[in-house]
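The following exercises concern a single protein model. Each task is followed by a worked solution.

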Amino acid sequence: MIYGSTSAAADRIYASSQDILSNPTRRINGVPFSTRAHWMRKANEALFDVLGNPCPFAPFGTAIVNHTADGLGELICIGANSNAVTGNPTMHGEMAAITNCSAVLTDPEGPYKLSPSEALAAFSQLTLYTNAESCPMCASAIRWAGFKEYIYGTSIDTLVENGWGQIRISSMEIIRQSFDMATTTRLMGEVLVNETDPLFSWQYNPDYICPRGCERTKGTCRKRTSNNSTMLEK
């Protein structure tokens, strides 16, 4: 479902249910669903691109995109949950991606060479794709950054159903409570869940099939060492 963070919409947001997007062929802000699916897959692929592992235990991946560019849009940066490799408990996929984007946008040797103030302003033109609904910390960071759009895959409710511990404050509620801010963020939830949900379904269910490129070893899914793999494997 799609939400806006304007104050005029706040009551409508509060009254709405956070259902799956009912019509996947819908064009939102001129972007077709096929393009949304492409970038959600890129958020999934960030797990391997950043961590070198298609099935980390915390498979939260993010891609940040400029849809004002031609074609599918322009990938600005990616991020993946890096708690286990950094020792930083706040380094969720979204936080890592925002940090990476700030570095890319302000890199004096990079393609953009923006000043810090220009980089801050640029976020209002960007879209954040993340393969699972953001926790309240990350959803708040998305609003503070002022992203034009925030698109997520697997919902917090689905994460909880699959055994994940979560702070049960929805992104819809964060959007609702941030209507005083100067920017607006369009929210689209549960996009491409047929591809994102399986990434979060094996950790607490020993009978669930592993993601592509992984296999069961000592009760958990690990990156395959052989070249033979199917889409999902036990």
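**Exercise 1.** In which strand does E215 lie? Describe the surroundings of E215 as well.

*Solution.* The model is predicted, so local features need pLDDT of at least 70 and side-chain atom pairs count only at pLDDT 80 or more, while totals for chains, interfaces and linings use all residues. Residues are numbered from 1 along each chain as its sequence is written, and side-chain values use heavy atoms, with hydrogens and water left out.

Step 1. E215 belongs to strand β7, residues 214–217 (strands are DSSP runs of E with at least two residues, helices runs of H or I with at least four, numbered from the N terminus).

Step 2. With a relative accessible area of 22%, E215 is partly exposed (buried is under 20%, exposed over 50%, partly exposed in between, with a 1.4 Å probe and protein chains only).

Step 3. Beyond its neighbours within four places in sequence, E215 contacts C210, T220, C221, R222, R224 and T225 (contact: heavy atoms within 4.5 Å). The C-alpha atoms of E215 and T225 are 8.9 Å apart.

**Exercise 2.** Compare the expected span of helix α2 with the model, and locate its kink.

*Solution.* Step 1. The expected span is 1.5 Å times one less than the number of residues. For the 19 residues of α2 (33–51) this gives 27 Å, and the end C-alpha atoms are 28 Å apart, which agrees.

Step 2. A kink of about 40 degrees is centred on E45 (the bend is the angle between axes fitted to the seven residues ending there and the seven starting there).

Step 3. Just after α2, G52 has a positive phi of about 70 degrees.
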